Amino acid sequence: MKKMITYAQNFEDILLRRAFENITDGFYVDVGAHDPIIGSITKYFYNLGWRGINIEPGPRFSALVKGRAEDTNLNVAVGAKGEIKFYEISSGLSTSHSNIAKSHIDLGYDVHEKIVQTVPLSEILSEIDNVIHFMKIDTEGDERKVLETLDFEKNRPWILVIESVHPLQEIQNHDNWEFLVINNKYRFVWFDGLNRWYISEEKYELLHHFFITPVNYFDNFITYKEY
């Protein structure tokens, strides 16, 4: 059997492949997409023929445009409509939080400030009729701002993958936002050390058994660096 090539930083695409192995034309939303290949949770699926929306206000946006010509790529941040000061950090962990930026400066990383537009997720998804099979949210401390602008009545991803630790730390931060997910009828199924995973109640019976075991030998994969 041919091995899967995984691109995601924490093997998230392997878990998603389990759940969606028989779907070849699915749809994803990647909030905080960063790069079209390196650490990408969606690259494997794009190669299969899936398409979706990538949202990235940081410096790798031009790479997304080049590498994901058939996706919708948006150079904005997600939140209440307006604009914010955004810190582009050479580590790749760009953020809107000045304290996170300062901690990276203290570690020797370069930080560049700019103003970016913020757009509610409900507005971004307002014209989307596709089923959203999965949504990843990785916004370096702004996960709550993203979730607060998602219309859970209209847009219900089957699976939510949400980064749930403070940048560069193993301290979980989901207490700040998890209630928004649970109150909108999603069930927690997995913590992979970096992200918390949720399945919508209507898809729980269909998908929850894929999250009984961690990524392992039987997932039959190699990393893209090994390919």
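For the purposes of this report, Ala, Val, Leu, Ile, Met, Phe, Trp, Tyr, Cys and Pro count as nonpolar, Asp, Glu, Lys and Arg as charged, and the others, Gly among them, as polar. The structure described here is a predicted model.

**The second largest pocket**

On that classification, the lining of the second largest pocket has nine nonpolar, two polar and four charged residues. The pocket in question holds about 310 Å³ of space, and 15 residues line it, with K3, M4, I5, Y44 and L48 lying nearest its centre. The elements that contribute two or more residues to this lining are β1 (4-6) and α2, and it is α2 that gives the largest share, namely three residues.

**Aromatic pairs and the cluster around F134**

Across the whole structure, a search finds 15 aromatic pairs. One of them joins F20 and F134, whose ring centres are 6.3 Å apart and whose planes meet at 25°, so this pair is stacked; the cut-off that matters for this assignment is that planes under 30 degrees apart count as stacked. Because F20 lies in the loop between α1 (12-19) and β2 (27-31), while F134 lies in strand β8 (residues 134-137), the pair ties together parts of the chain that are 114 residues apart in sequence. F20 is buried, with a relative accessible area of 2%, and F134 is buried as well, with a relative accessible area of 0%.

F134 also takes part in a pair with W50, which is tilted, with 5.8 Å from centre to centre and 40° between the planes. This second pair again links distant parts of the chain, since W50 sits in the loop between α2 (43-48) and β3 (51-55) and F134 in strand β8, 84 residues away. Both W50 and F134 are buried. Taken further, ring pairs link F20, Y28, Y44, F45, W50, F134 and W158 into a cluster. Y44, a member of that cluster, is also among the residues that lie nearest the centre of the second largest pocket.

**Charges over rings**

Two arginines are placed over aromatic rings. R187 lies over the face of Y204, at 4.3 Å from the ring centre, and the charged end of R196 sits over the ring of F188, 3.9 Å from its centre.

**Helix α1 and I14**

Helix α1 is largely enclosed by the rest of the structure, because eight of its eight residues are buried. The buried residues of α1 are E12, D13, I14, L15, L16, R17, R18 and A19, a list in which charged side chains stand beside nonpolar ones. As a general point, an α-helix has 3.6 residues a turn, so residues three or four places apart point the same way.

Within α1, I14 can be followed in more detail: this residue belongs to the helix and counts as buried, at 0% relative accessibility. Leaving aside residues up to four places away in sequence, I14 touches M4, T6, V215, D219 and F221. Of these partners, V215 is 201 residues from I14 in sequence, yet their C-alpha atoms are 7.0 Å apart in space. M4, another contact of I14, is also one of the residues nearest the centre of the second largest pocket.

**Loop residues**

Three loop residues are set out below with their positions and relative accessible areas.

| Residue | Loop | Relative accessible area |
|---|---|---|
| F11 | between β1 and α1 | 29%, partly exposed |
| H34 | between β2 and α2 | 29%, partly exposed |
| K185 | between α7 (178-182) and β10 (186-191) | 52%, exposed |

What is the sign of phi in F11? Phi of F11 is near 65°, a positive value in a residue other than glycine, and phi of H34 is likewise positive, near 65°. As background to these two values, most residues other than glycine have a negative phi.

K185 is exposed, because its relative accessible area of 52% lies above the cut-off, exposed being over 50%. Not counting residues up to four places away in sequence, K185 touches R156, S200 and E201. The C-alpha atoms of K185 and P167 are separated by 27 Å, with their positions 18 residues apart along the chain.

Definitions and conventions. Residues numbered from 1 in each chain as written. Predicted model: local features only at pLDDT ≥ 70, side-chain atom pairs only at ≥ 80, totals over all residues. Heavy atoms only, no water. Phe/Tyr/Trp six-rings, centres within 6.5 Å; stacked < 30°, edge-to-face > 60°. Helix = DSSP H or I, 4+ residues; strand = E, 2+ residues; numbered from the N terminus. Buried < 20%, exposed > 50% of the residue type's maximum accessible area, 1.4 Å probe, protein only. Lys NZ or Arg CZ within 6 Å of the ring centre and 35° of its normal. 1 Å grid on protein atoms, 1.4 Å probe; cavity = no way out; pocket = protein on both sides within 12 Å on 5 of 7 lines; lining within 4 Å. Points joined across faces, edges and corners; volume = space filled by probe spheres on them. Contact = heavy atoms within 4.5 Å.
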